[in-house]
Amino acid sequence: MKRAVLLLAGIILAWSYLYAAELEYFQVYKPKEGMSADEIMQIKYFNKYALFAHDVSYTGKAYFIDKSGATRERSTARKRINLGRKSDGIAYKDLTIFTGPTQVKGLCSLVWTYLNVKKEQEVWLWLPSLKKIRKVSQSASDDSFLGGDFSVEDITTRRFDDETYKLLKEENFAGYTSDFMKKTYYKDTPCFVIEATPKRANWYYAKRLVWIDKNYGVNIYEEKYDTNGKKFMTLLRGHEIYKVDGKEYPLQMFLEGRDLRSGHTTVIINETANLDQGVAEDEFTETALSRSRW
Amino acid sequence: MLKRFLLILMILVFSGSLAFAELSKGDLTIAGYLKDEFSLGLKTFNEVTKFKNILQLSGEYKFSDQSVFFASAKYWYDAIYGLNSKYDAARHYMDHIQRTDWLRDCYLDYTNGSWFLRLGKQQVAWGQADGIAILDRVNPVDLTEYWLPDAVDLRIPLWMANINYSPKLNSNLQLLIIPDFEQSTAAPPGAPFAFRSYKKFMDFKERWESSGWYTGYPPPSLRGDVNVNIYYPAKQFENSKIGVQWQDRISDWDYTLNYLYGYDYLARTYSERPDAIPPLDANYGRRFKLDQMAGGSLNHTFTEEGLLKGITLRSDAAVYLNEPTYYGDPATGASVGVKRWNNIFWLIGIDRNVTTTWLASFQFAQYIMEHKSPGVGNYQTLNSYTYGAQDAVENIFSLKISTKFMHERLKPEVLWSWTDDNQGRISPKATYEINDNLWFTLGAHYFYGKEVDSNGQFRDVSQFYTQIKYTF
């Protein structure tokens, strides 16, 4: 009996260690019953950045819709290569090219993200008006992403270590209806509901409530609250499951953010996605960026 | 010869691509814009100085993953030169696009493993500096509107072979062979941004060819014409400009090493032997000289925890070997000779997000002459734009603050560039996105300083401007 308890303790310890440590790249992780909020959120971040795949390429569009319904549009082509490389500390590299409208066509960004979460990203921009590369500092995490309703950290920079987590409950999600897509998402999907509190003082939100799909460990919906406890932002992340070599990859394909204060909405739709295409790392270099034509 | 060779090579690669690519899978992209640029004198508020309409069309055809053809053409017409007789003297040059300048890009990209070729008419930008050409001297520049347009419109594209080899990740060796030659251009007298030096020369020409009596000039009856002989480099392979850039990364620092050899795009005007028998022509020559540039650039973002975190550092440095350097008497505004000096130009730039949405970008540059004085009589070195006195060490500063509002629909910015001679330019502007395809810009350029300063020479042509751009 004593031996069994010790064995069990050892297994729990090993399991805890696995999730306390960084999850291994190119694996598929799913939440399990009894996991802590931290363990669930680690899987959530792993999936958010698609670290299960070696590379991902998307084409898509972003729509910015003001209260009156007036809509602006941006189209992009994006690529990511996941490296998780300890030798130079690089986690992954992203390339985003604006393909429309013409005024921003050709604008291109190359971003390198490091394993060390305290290290900022390195960012290079190709500026068509200069036909030249400019290295720039990482955007502030609370800045808006592409001028929309998502913050930069909502999309690119928020990491597991930026918040503390509390598992509030488990429930079936009530569903989210997108006015833009005229569709209801995730109705009755079993979820963990986690409260995420930023570690930074005086941050632009006081807490987030995050709904995590129990089956795939992805964040399907979240709400942001201010210091008065008032909800000011909702964010839906629609996923599709891609089967690659027998593995199930949950990919974010549709995002809708609503600013409840201004009535402004941002929608990002990934129209196409390709995984594990053998994208070469030399496509993610300053040299490659300087070969832009537009 | 080499230019012809390049053209033939491009056609061969182009036709080869056509033969092997499956055209049905080809990918054609076309985009363009119509733009109106309007400016109004800041001093009088009633003098329109520009009413320019521009059409640009660009197209890309992807034959395969390896080869892509890209071309862009631009046409513009500035109506103000037909509307206001004040600008008649400059009209022939300034009211429409000149010669083959309409073809902005025409090249074929070919990628194969570590090799990348770009063959055709193109522009190549070197260096990290913003608005100050330290290493960015591969292409000549069109200064008909001073340094105000975007860099992409300032550079004059040239036919060249741009050959690249990447021996390892993040590194690149670039070789440029440029058989094409164009001189850098300036606005002619009569145009708002004509350089003072150019205007002074034309004043002299007018006096010389007139029937007036002037101190130091022969009597009018003996004077003939003012002739300017321009000696372009002969179109030979040996006269090609050669550029080499090595790009690499050490730790988190990106750097380049650059070298450029060939004919300078600026030719200094010098006095040739005068006629001995009346009518006495005043003969001048403009000869493009061979010179070299060696330098490098550096950039780095401080990403680690610490005081400097979030700061991006940029730097360029170059030495111009045998750079033609004017000297003369600034009081008379005339150059009497040219020295060939090894001058140095370097810059450091710092960029930082000051708050979430405010970005500050500061640059400090120094142009250092090899000698303080030309050592000829009491003559001083001259600023080639104005024929004013040139400091042995010129300190140049710029500060740009930019931000964004209304979900990035409204983007205001202000650029202040100045030197230690209390002269400079302040250029605020705001761009507003009316919809996806329609953009409006409102701005101003305010010049200050003495008439003999680079910016001060335009203190009377400070302006408000608007731009409306429709893209498709």
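Trainee: What is the mean pLDDT of chain A, and what share of its residues reach 70 or more?

Mentor: This is a predicted model, and pLDDT is the predictor's confidence in each residue. For chain A the mean is 91, with 93% of the residues at 70 or more.

Trainee: Where in chain A is the pLDDT below 50?

Mentor: Residues 9–21 of chain A have a pLDDT below 50, and this stretch makes two contacts in the model beyond near neighbours in sequence. Where pLDDT is low, the predicted coordinates should not be read in detail.

Trainee: How does the radius of gyration of chain A stand against that of a compact globule?

Mentor: The general idea is to set the value for the chain beside the one expected from its number of residues. A compact globule of 294 residues would have a radius of gyration near 19 Å, and the 20 Å of chain A agrees with this. Along the principal axes, the C-alpha atoms of chain A fill a box of roughly 75 × 45 × 40 Å.

Trainee: How many helices and strands are in chain A, and what percentage of its residues are buried?

Mentor: Chain A has four helices and 15 strands. A residue is buried if 20 or more other C-beta atoms lie within 10 Å of its own; in chain A, 38% of the 294 residues are buried. As for contacts between residues at least 6 apart in the sequence of chain A, 49% join residues at least 24 apart.

Trainee: How many residues of chain A are in contact with chain B?

Mentor: The contact involves 33 residues of chain A and 44 residues of chain B. On the chain A side, β2 (71–85), β6 (132–136) and α4 (286–289) each supply at least two residues. The most comes from β6(A), which gives three residues. By class, this side of chain A has 17 charged, 10 polar and six nonpolar residues.

Trainee: Which strands of chain B pair with β4?

Mentor: For strand pairing, look at the bridges and at the direction of the strands. In chain B, β3 (residues 67–78) and β4 (residues 103–112) run antiparallel and are joined by seven bridges. B:Ala73 stands opposite B:Leu103 in β4(B). β4(B) also pairs with β5 (residues 115–122) of chain B, again in the antiparallel sense and over seven bridges. Here B:Thr111 is opposite B:Phe116 of β5(B). The hairpin of β4(B) and β5(B) has two residues between the strands, and B:Gly113 in this hairpin takes a positive phi near 60°.

Trainee: Which residues of chain B have a positive phi although they are not glycine?

Mentor: Two cases are B:His407, with phi about 55°, and B:Glu408, with phi about 65°. B:His407 is in the loop between β20 (393–402) and β21 (410–419) of chain B, and B:Glu408 is found in the loop between β20 and β21 of chain B.

Trainee: Are these residues buried, exposed or partly exposed, and why?

Mentor: The count of neighbouring C-beta atoms decides. B:His407 is partly exposed because 19 other C-beta atoms lie within 10 Å. B:Glu408 is partly exposed too, because its count within 10 Å is 17.

Trainee: Where are cis peptide bonds found?

Mentor: Omega is the angle to read. The peptide bond from A:Gly100 to A:Pro101 is cis, with omega near -5°. A:Pro101 sits in the loop between β3 (90–100) and β4 (108–114) of chain A. In chain B, a cis peptide bond joins B:Pro278 and B:Pro279, with omega about 0°. B:Pro279 lies in the loop between β13 (268–271) and β14 (280–287) of chain B.

Methods. Residues numbered from 1 in each chain as written. Chains lettered and ligands numbered in written order. Predicted model: local features only at pLDDT ≥ 70, side-chain atom pairs only at ≥ 80, totals over all residues. Contact = placed C-beta atoms within 7 Å. Nonpolar A, V, L, I, M, F, W, Y, C, P; charged D, E, K, R; others polar. pLDDT = per-residue confidence, 0-100. Buried ≥ 20, exposed ≤ 12 C-beta atoms within 10 Å, placed from the backbone. Pairing = 2+ DSSP bridges. Rg over C-alpha atoms; globule rule 2.2 N^0.38 Å.
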